[in-house]
Amino acid sequence: MIGCVISNNVANPSWNIGTTGGGGVYVSGTSVLENCVVSGNTCQAAAAAWSNTYALGGGLYSDTGTATIENCIFAANTVNCQVGSTYVSWGGWGGGVYIGGPSLAMTNSILSGNATISWNSVGHGGGLYVSSSVNPCSVVNCTLAYNSTEGIYSTNTVPLVMNSILFFNNANGTQISGPTNVTYCDVQNGFTGTGNINLNPIFLDTAHLIIVSGSPCINKGNTNVIYKNVYFPPSLGKNHNDMGAHGGPGAGAKMTLQTWPQFELRCFGGVPGYNYEIDATTNFVSWQAVQQYQIANLGDCMGYLETNSMPFRFYKLNVVP
């Protein structure tokens, strides 16, 4: 799935059906999500009595295959589990994302404003819930903020969390629960691990979780060259990885090309406050500006239909004043 928007869907079973998964996306098998926005979805589960009941994955539920998530936004998704008896097991897990296995690779993604709601408050992983079967599991250069409950919840498996920001989750309480290997991250209230800090990341605002000039997360990620910032903007540091979704080698705006049934360029991953320009050439010497654009919100994309009759052209995406 590339450049998709999945919003305002509800997995809403009838009463007493038991466990339900996937308010926005339900995957059984291998999946790849790139530059997708999954928002405002709800997974509801309900039972009257004597039935183990769970609501899993308000935005995304993935139970068996490898999940690769790049440059995606999961926002304002909810799991809601309601039961009518105290003699059953129940809970809401993974407000934004629930991963059941066998592996997860998440990079340059934002999980914000997701929530777990349960009748008895047994909710875990407002942002991300990772079950015991997921191995390997990595969350690199991601931002998890303003989720309820914690940003990440893991059971038995040990996710690698690196170069990421986990702040303002769980009403400023627990950010991470379960066994987790956390390094070079900004974690509210602190977390043991190499390179971790506990400082307000200074976002642009609560709706746009982009770090701005003066943020303590600039240049504070892993110093290994493989994590070095490449795109300026949205990265702000000039030497090492910026913590959060807009640092590292995968943080830049990207352009894709579709040639049938029409010639269309689509641009993803820009950030508010910058001007972007599509340039074209036939000889790599003389470049012509064919389209400029701005985006209003994180996750917006821009499409351009090419009407030029030239036999071929080459394209590049620039940031301009």
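So, the largest cavity: 19 residues line it, and the ones nearest its centre are Asn35, Asn71, Ile73, Gly269 and Gly299. Before I go on, please keep in mind that this is a predicted model. The space in that cavity comes to about 200 Å³. If you go by class, the lining has eleven nonpolar residues, seven polar ones and one charged one. And how many cavities of 30 Å³ or more does a search of the whole structure find? One. In case you wonder about the approach, rolling a probe the size of a water molecule over the atoms shows where empty space is left.

Now the largest pocket. Here we have about 220 Å³ of space. The lining is made up of 15 residues, and nearest the centre you'll find Ile73, Ala75, Ala207, Asn297 and Leu298. Ile73 is a name you have just heard, as one of the residues nearest the centre of the largest cavity. Which strands each supply at least two residues of the pocket lining? They are strand S6, residues 37-39, strand S11, residues 73-75, and strand S16, residues 110-112. In terms of class, the pocket lining splits into eight nonpolar, six polar and one charged.

Okay, on to the sheets. Take the one with strands in the order S5-S10-S15-S20-S23-S26. That's six strands, paired in parallel, and the sheet is open. At the edges sit strand S5, 31-34, and strand S26, 181-183, and each of those pairs on one side only. On average, neighbouring strands in this sheet are turned by 5° against each other, if you ignore direction.

Let me walk along it a bit. S5 runs parallel to strand S10, residues 67-70, and four bridges join them. If you want one pair to click on, Glu34 has Glu70 in S10 as its bridge partner.

Further in, look at strand S20, residues 137-140. Which residues point one way from S20, and which the other? Cys137 and Val139 go one way, Ser138 and Val140 go the other, and all of them are buried. S20 is joined to strand S15, residues 104-107, by four bridges, and those two run parallel. On the other pairing, three bridges link S20 with strand S23, residues 160-162, again in parallel. Ser138 is a handy residue to follow here: Ala105 has Ser138 as its bridge partner in S20, and Ser138 in turn has Leu160 as its partner in S23.

There's another open sheet of six strands, also with parallel pairing, and its order is S4-S9-S14-S19-S22-S25. The edge strands in that one are S4, 25-27, and S25, 176-177, each pairing on one side only. Inside it, strand S14, residues 97-99, pairs with strand S19, residues 128-130, over three parallel bridges. You can see a tyrosine pair there, with Tyr98 having Tyr129 as its bridge partner in S19.

Between S4 and S5 there's a loop, and Thr30 sits in it. Is Thr30 buried or exposed? Its relative accessible area is 63%, and exposed means over 50%, so Thr30 counts as exposed. Leaving out residues up to four places away in sequence, Thr30 touches Gly65 and Thr66. Gly101 is 71 residues from Thr30 in sequence, and the C-alpha to C-alpha distance is 9.6 Å.

Compare that with Asn80, which is in strand S12, residues 78-83. Asn80 has a relative accessible area of 18%, and the cut-off for buried is under 20%, so Asn80 is buried. Who does Asn80 contact, leaving aside its neighbours within four places in sequence? The list is Cys43, Gln44, Ala45, Ala55 and Ile117.

Last stop, an antiparallel pair. Strand S30, residues 275-281, is joined to strand S31, residues 288-293, by five bridges. Tyr276 stands opposite Tyr293 in S31. Together S30 and S31 make a hairpin with six residues between the strands, and in that hairpin Phe284 takes a positive phi near 65°.

If you'd like to turn the model yourselves, start with Asn35 and Asn71, which are among the residues nearest the centre of the largest cavity. Then go to Ala207 and Asn297, which are among those nearest the centre of the largest pocket.

Methods:
Residues are numbered from 1 along each chain as its sequence is written. This is a predicted model: local features need pLDDT of at least 70, side-chain atom pairs count only at pLDDT 80 or more; totals for chains, interfaces and linings use all residues. Side-chain values use heavy atoms; hydrogens and water are left out. Buried means under 20% relative accessible area, exposed over 50%, partly exposed in between (1.4 Å probe, protein chains only). Contact means heavy atoms within 4.5 Å. Two strands pair if DSSP finds at least two bridges between them. Axes are lines fitted to C-alpha atoms, for helices over the stretch in contact, and angles run from 0 to 180 degrees between N-to-C directions. On a 1 Å grid over the protein atoms alone, a cavity is a set of points where a 1.4 Å probe fits but cannot get out, and a pocket is an open set with protein on both sides within 12 Å along at least five of seven lines; lining residues have an atom within 4 Å of a point. Grid points are joined across faces, edges and corners, and a volume is the space filled by probe spheres set on the points. Ala, Val, Leu, Ile, Met, Phe, Trp, Tyr, Cys and Pro count as nonpolar, Asp, Glu, Lys and Arg as charged, and the others, Gly among them, as polar.
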